[in-house]
Amino acid sequence: MSVVDIPIGPQHPAIKEPLNITCYVDGEHVVGAKLRIGYNHRGIEKAGEYQTYIQNLYIAERICGICGIVHAFCLTQATEDIIGKEIPKRADYIRTIGLELNRIHSHLLWLGVAAHEIGFDTLFMYVWRDREMVMDVIEDFTGNRVTYALMTIGGVRRDIPQEKAERILKVMDLLDEKVRKYKKMCLDERTIRMRCDGVGILRKEDAIALCAVGPTARASGVPFDVRADDPHAAYDEIPFRVVTYDTCDVTARLLVRIDETLESISIVREAIKRMPSGPVRIRVPRVVPTGEGVGRTEAPRGEVIHYVRANGTERPFRWKVRAPTLANLLSIPVMLTSRGDYVVNIADVPITFASIDPCLSCTDRAIRFIDVSSGKSWVWTFSQIKRMYWRD
Amino acid sequence: MIQDLIDLLRIIVFPGFLFFAVLGLFFEWIDRKFYAKLQNRVGPLYAGPWGLFQPFADFVKLMAKEDIVPEGADRPLFSSIPVFALALSLFAVLFLPVCGAQGVLSFEGDLIVVTVILTFFVILVFLAGFSSASRYPGVGAERSVLQLLGYEIPLVASVLGAAAVTIQTEGSLQIKSIVETQSSWWSILGIQALGFAIFLLAAQAELERVPFDIPEAETEIVAGWLTEYSGKKLALIRLAKDIELAFLCGLGATLFLGGPQPILPGFVGALSSTIIFVIKSIIVLLILTIIRAAMSRLRIDQMVNFAWKYLVPISILQLLLAVMVPRLIVI
């Protein structure tokens with residue numbers, strides 16, 4: 001049988017965001033895969049150059065609907081890097097709690113999506129039901145379910161008073177129990193193991209060579225975690241374990257995420273216990289001095305980097321975001337290519353792709369235009385686009 | 001004349017087409033509602049009391065939707081598949097003994113006809129996939145045939161196992177005689193328990209439900225062989241699938257749970273045979289729904305592997321047992 005190409009996406013039930021994977025299929029086996037991203041360019045970085053730093057925080061939060069806190073945190077980190085002022089300790093702890101709650105919610109969301117990809121809708125429904133608890137807790141102390149507006153330059157906007165801290169702890173206890181149950185379920189349920197074991201293999205050397213980050217890398221045995229390698233916020237004061245597995249398959253990524261959720265729960269508990277008293281923010285000038293700043297943290301999906309260049313005005317001169325999915329996407333064609341004993345079936349494509357927890361709204365920042373028929377590519381400057389498409 | 005009219009009514013209204021169309025939609029509702037309950041959801045809620053009319057509302061809505069035929073499709077074949085599917089499932093239900101020990105159609109060897117019909121469904125699925133001239137339906141059709149290779153032998157073996165007694169005592173392969181032999185003792189209450197389990201798994205595969213929903217795996221190949229169908233055609237196919245669901249549940253109840261025989265062996269209840277039949281079918285349906293909720297989808301190679309390594313040997317074993325054991329007891 002000849003090789004057939006099966007396009008998955010940009011619109012496909014398995015993929016919630018626009019992306020195209022062209023799978024080259026021989027019977028049921030995938031012999032190659034090609035990725036195309038760039039369907040979702042939103043011009044966020046450019047928009048950032050027209051807003052003040054404070055306004056940018058709210059744009060940054062909208063880079064990703066799931067890990068909003070992470071992007072806002074990274075931008076404040078980069079900006080504070082330029083300003084060079086210490087923020088209050090209590091703010092660091094609240095930021096840590098926010099980041100970890102965000103991670104719990106994101107990992108539970110992923111677990112549900114993964115269950116749906118392998119056709120286990122019951123697990124999907126249960127996990128998403130329990131995810132609501134952490135959503136409620138986030139809403140309780142930030143005021144919002146999704147775009148939190150928690151971070152600000154020089155600290156956080158909302159404190160966590162005692163009674164809210166207690167509510168968080170109560171939910172953490174409940175979640176701890178539930179997540180352990182789901183871990184047992186994922187380890188014991190035969191059909192889950194049949195679909196995940198030995199699927200989507202990314203060997204350790206491939207993971208390093210392709211710059212995989214986050215749970216994808218840690219599931220291939222690369223103990224890389226920005227929280228531990230380059231401690232920020234309160235991560236240097238709270239002990240936690242960097243979870244790694246070495247089976248390099250989807251099961252490993254599943255277990256890394258579940259174990260990380262448990263770790264996050266313990267980090268939140270510890271942070272609430274150790275949280276010092278004091279102010280939660282300092283006043284910083286609106287105008288940021290000339291300089292460059294970098295913010296990096298471990299998002300649920302891997303390392304996020306924000307780079308800001310300031311030119312002594314109240315607006316950034318350049319703002320660059322590198323989302324973890326961009327780093328992980330490179331591993332996808334490797335995972336999806338059958339070689340030797342390793343066979344990829346069409347049925348494995350969705351779960352393999354989902355196993356890196358893709359977030360394309362974070363990722364897509366295409367700037368090159370490609371004529372698919374001729375292969376010619378070019379870059380349009382802003383003034384060219386303006387000349388062609390703007391009518392005033 | 002009057003007899004002809006009654007026969008016509010038996011075919012079209014009760015217990016034939018109309019009854020089973022309603023029963024099929026009702027079964028879909030039970031399936032969805034119970035599935036939702038298992039998943040801690042509410043399920044259909046708004047159309048009718050407890051969302052009872054939701055499947056019917058879906059049907060009506062789909063009938064009104066735009067009907068698109070893909071450009072490259074084999075138009076006559078593509079358009080006729082839904083009609084064939086509905087006709088086939090409506091034909092199949094005529095063999096079920098809904099009231100009394102025999103169905104509307106009953107003749108010597110009708111059990112064989114029923115098993116042949118089950119295979120015909122897959123042939124229709126295959127033709128539907130290939131006439132769509134599209135990639136996802138093509139893959140779906142290929143998978144459905146591969147899956148058939150896995151579950152067909154166990155299905156036929158379990159059906160024959162249920163008929164083992166009647167074959168030996170009366171030399172009959174008629175559903176009616178299978179039902180009659182169960183008047184005192186349901187066949188599930190013996191070695192046939194194994195046959196019933198095999199039948200449930202095979203039925204799940206025939207109905208393309210989790211863990212064997214491989215031919216229409218949503219997250220993999222969109223809707224598999226159904227992808228290109230829309231509007232009226234999709235409505236008819238869905239109705240046909242609902243009736244097929246009711247048919248397989250009914251067949252399971254008939255072969256293993258004594259069909260329209262009284263609820264408890266020997267106990268003459270006040271309930272009419274139709275209600276007993278429906279209740280027993282619902283029991284089978286609920287088991288099928290639990291299977292659907294408790295597992296994730298298998299891969300096609302795993303399914304065929306599982307079928308040939310375990311299901312086929314076990315089904316042959318149970319067929320042998322079904323043939324041997326009564327004989328041993330008689331001796």
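In which loop of chain B is Pro211(B) found? In this predicted model, Pro211(B) belongs to the loop that runs between α9 and α10 (218-221) of chain B, and the peptide bond leading into Pro211(B) from Val210(B) is cis, with omega near 5°.

Backbone features of another kind occur in chain A, where two residues other than glycine have positive phi values. Ala233(A), which is not a glycine, has a positive phi of about 45°, and Cys248(A), likewise a residue other than glycine, has a positive phi near 65°. Ala233(A) is placed in the loop between α10 (226-229) and α11 (250-274) of chain A, and Cys248(A) is found in the loop between α10 and α11 of chain A. With a relative accessibility of 13%, Ala233(A) falls under the 20% limit and therefore counts as buried. Cys248(A) is also classed as buried, because its relative accessible area is 11%.

Turning to the interior space of the model, the count comes to five cavities of 30 Å³ or more. The largest cavity holds about 180 Å³ of space, and of the 18 residues that line this cavity, Phe121(B), Val125(B), Trp225(B), Lys241(B) and Glu244(B) are the closest to its centre. Several helices of chain B contribute to the lining of the largest cavity, with at least two residues supplied by each of α4 (75-93), α5 (110-131), α6 (135-162), α9 (192-206) and α11 (231-256). In terms of chemical character, the residues of this lining divide into twelve nonpolar, two polar and four charged.

On the surface, a nonpolar patch is formed by Leu5(B), Leu8(B), Leu9(B), Ile12(B), Val13(B), Phe14(B), Leu18(B) and Val22(B), which together present about 700 Å² of accessible area. Helices α1 (2-12) and α2 (17-38) of chain B each supply at least two residues of the patch, and the largest share, amounting to four residues, comes from α1(B). One of the patch residues, Leu5(B), is found in helix α1 of chain B. Leu5(B) has a relative accessibility of 46%, a value between the 20% and 50% limits, and so counts as partly exposed.

Charged side chains are paired in both chains, and the count over all chains comes to 46 salt bridges. In chain A, Asp259(A) forms a salt bridge with Lys183(A), in which the closest N and O atoms are 2.9 Å apart. Because Asp259(A) lies in helix α11 of chain A and Lys183(A) in helix α6 (residues 162-188) of chain A, this pair ties together parts that are 76 residues apart in sequence. Asp259(A) is buried, with a relative accessible area of 5%, whereas Lys183(A), at 22% relative accessibility, counts as partly exposed.

A further pair in chain A consists of Glu298(A) and Arg218(A), whose side chains meet in a salt bridge with an N to O distance of 2.8 Å. Since Glu298(A) is part of strand β6 (residues 291-299) of chain A and Arg218(A) is part of helix α9 (residues 214-219) of chain A, the pair ties together parts that are 80 residues apart in sequence. Glu298(A) counts as buried at 0% relative accessibility, and Arg218(A) likewise counts as buried at 0% relative accessibility.

In chain B, the side chains of Arg32(B) and Glu28(B) meet in a salt bridge at 3.1 Å from N to O. Both Arg32(B) and Glu28(B) lie in helix α2 of chain B, where they are four residues apart, which corresponds to about one turn of the helix. With a relative accessibility of 27%, Arg32(B) counts as partly exposed, while Glu28(B), with a relative accessible area of 9%, is buried. Beyond such individual pairs, salt bridges that share partners join Glu100(A), Arg103(A), Arg218(A), Asp225(A), Arg227(A), Glu260(A) and Glu298(A) into one network.

Note on methods
Residues numbered from 1 in each chain as written. Chains lettered and ligands numbered in written order. Predicted model: local features only at pLDDT ≥ 70, side-chain atom pairs only at ≥ 80, totals over all residues. Heavy atoms only, no water. 1 Å grid on protein atoms, 1.4 Å probe; cavity = no way out; pocket = protein on both sides within 12 Å on 5 of 7 lines; lining within 4 Å. Points joined across faces, edges and corners; volume = space filled by probe spheres on them. Nonpolar A, V, L, I, M, F, W, Y, C, P; charged D, E, K, R; others polar. Patch = residues over 30% accessible without salt bridge, like charges linked within 9 Å, V, L, I, M, F, W, Y side chains within 5 Å. Areas by Shrake-Rupley, 256 points an atom, 1.4 Å probe, with all protein chains shown as cover. Salt bridge = Lys/Arg side-chain N within 4 Å of Asp/Glu carboxyl O. Buried < 20%, exposed > 50% of the residue type's maximum accessible area, 1.4 Å probe, protein only.
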